[in-house]
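Good morning, and thank you for making time for this presentation. I shall go through one structure, beginning with the chain as a whole and then turning to individual residues.

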Amino acid sequence: MPTNMLYYKGQDTPLPLPNTPEILSISPLTTSKYLQLQQIRFKENNDIKVWDIANANDSVAILLYNKDKDGFILVRQFRVSVFLKNPLHGFMYELCAGLCDKDISPNEIAVQEIQEECGYHVEANKLVLINQFYSSVGMNGARQYLFYAEVSDQDRVSEGGGNKDEQEYIDIIFVPRELIHEFLQDSKCPTTQSFVYAILWFERQNFPTRQENIQQIPKTELDRFEKIKELENELKIKQMYLKEIECCGDADMGIH
């Protein structure tokens, strides 16, 4: 495992966190490199409506699977917008991702982001488009292209970690496939909807039946299923016992 990659070992072994950044000030936004605040006036069913939007660039996100290590490559970075909502969840665990802010295809942007953030080289024609969808539809309606890519240890060509010229500070996280459900339930590792969606897609491709999927369920859930079965069996036995008592009582009273 590369020295700059953190290895997820389960909920009982929390990943070390960097120092939390300090908020210096909060001020109203007038202009932005990434957002264009607009007020839209439109007519719907003869009603004149006004809507405020924050126009934003489309983006790409990539589910990276390391076939040599049988696990997923994620990134962790500080998200100040999340931190302001919940100071316990400032560091988010996400898919490798980036904005479509260059005059090139989403595939090519995805290739650049994979190498910049995670250090792996992937050919653009090796990317699989999982889906494309819209996010924050009430605010900006930006579209995200969600890709899947397989990598091997030999594909790692740099340390990754983000573009320091853009003040990116990114940790690379490895999650074994056998622990992915535990990771998704780990409250100490807040993640995004696109990551959950991508994992569902991955399992749909590789584990199409319930019988195969059962191996992916964490032991804690399997224990819970077994406990439910035991309780159901106990309930059936009690119901049979009560029915026998009722039958005996009816027979004693001469009821047929």
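**Overall organisation**

In the protein chain, 64% of the contacts with a separation of 6 or more are between residues 24 or more positions apart. I should say at once that this is a predicted model. The protein chain contains six helices and 10 strands. It has 256 residues, of which 31% count as buried. The area exposed by the chain is about 17100 Å², with carbon and sulfur atoms supplying 51% of it.

Let me turn to the charged pairs. How many salt bridges does the structure hold? There are eight, and I shall discuss three of them, including two that link distant parts of the chain.

One of them joins Arg143 to Asp58, with 3.8 Å between the closest N and O atoms. Arg143 belongs to strand β9, whereas Asp58 is in the loop between β3, residues 47-56, and β4, residues 59-66; the two are 85 residues apart. Arg143 counts as partly exposed because its relative accessible area is 26%. Asp58 is partly exposed as well, with a relative accessible area of 24%.

A further salt bridge brings together the side chains of Arg76 and Asp171, at 2.9 Å from N to O. This pair also links distant parts of the chain: Arg76 lies in strand β5, residues 71-78, and Asp171 in strand β10, residues 171-176, 95 residues apart. Which partner is buried and which is partly exposed? Arg76 has a relative accessible area of 2%, so Arg76 is buried. Asp171, at 24% relative accessibility, counts as partly exposed.

The next example is a salt bridge between Asp101 and Lys102, whose closest N and O atoms are 3.6 Å apart. Asp101 is partly exposed at 46% relative accessibility, and Lys102 is partly exposed with a relative accessible area of 42%. As a general remark, side chains of opposite charge can pair when their charged atoms come close.

I return now to strand β9, this time to Gln144. The strand covers residues 142-151, and Gln144 is part of it. With a relative accessible area of 14%, Gln144 is buried. How far apart in space are the C-alpha atoms of Gln144 and Asp58? They are 5.7 Å apart, although 86 residues separate the two in sequence. Not counting residues up to four places away in sequence, Gln144 touches Ser59, Val60 and Ala61, then Asn131, Gln132 and Phe133, and also Ser194. With Ser59 there is in addition a polar contact, side chain to side chain, of 3.1 Å. Taken with the Arg143–Asp58 salt bridge, this gives two side-chain links to describe here, the other being that between Gln144 and Ser59.

Further along the chain is Ser152, in the loop between β9 and β10. Its relative accessibility is 11%, and Ser152 therefore counts as buried. Setting aside residues up to four places away in sequence, Ser152 touches Asn66, Lys67, Asp68 and Tyr120.

Another residue that merits attention is Asp186, which sits in the loop between α3, residues 180-184, and α4, residues 193-206. Is Asp186 buried or exposed? Asp186 counts as buried, at 3% relative accessibility. Beyond its neighbours within four places in sequence, Asp186 is in contact with Tyr8, Gly10 and Gln11. With Tyr8, the side chain of Asp186 makes a polar contact of 2.8 Å.

On the cysteines, I can be brief. A search of the whole structure returns zero disulfides. Cys96 takes part in none: the nearest cysteine sulfur belongs to Cys118 and is 4.2 Å away, whereas a disulfide requires the two sulfur atoms to be within 2.5 Å. Cys96 is buried, with a relative accessible area of 0%.

Finally, I come to the surface. Which residues form a nonpolar patch there? They are Leu29, Tyr34, Leu35, Leu37 and Leu99, and together they have about 440 Å² of accessible area. One of these, Leu35, is found in strand β2, which covers residues 35-44. Leu35 counts as partly exposed because its relative accessibility is 31%; membership of a patch requires over 30%.

That concludes the presentation, and I welcome discussion.

Conventions:
Residues are numbered from 1 along each chain as its sequence is written. This is a predicted model: local features need pLDDT of at least 70, side-chain atom pairs count only at pLDDT 80 or more; totals for chains, interfaces and linings use all residues. Side-chain values use heavy atoms; hydrogens and water are left out. Patches are made of residues with over 30% relative accessible area and no salt bridge: like charges are joined within 9 Å, nonpolar side chains (Val, Leu, Ile, Met, Phe, Trp, Tyr) within 5 Å. Accessible areas come from the Shrake-Rupley method with a 1.4 Å probe; for residues, only the protein chains shown count as cover. A salt bridge is a side-chain nitrogen of Lys or Arg within 4 Å of a carboxyl oxygen of Asp or Glu. Helices (H or I, at least four residues) and strands (E, at least two) are DSSP runs, numbered from the N terminus. Buried means under 20% relative accessible area, exposed over 50%, partly exposed in between (1.4 Å probe, protein chains only). Contact means heavy atoms within 4.5 Å. A polar contact is a pair of N or O atoms within 3.5 Å; within protein, one must be able to donate a hydrogen and the other to accept it, and residues adjacent in sequence count only if both atoms are side-chain atoms.
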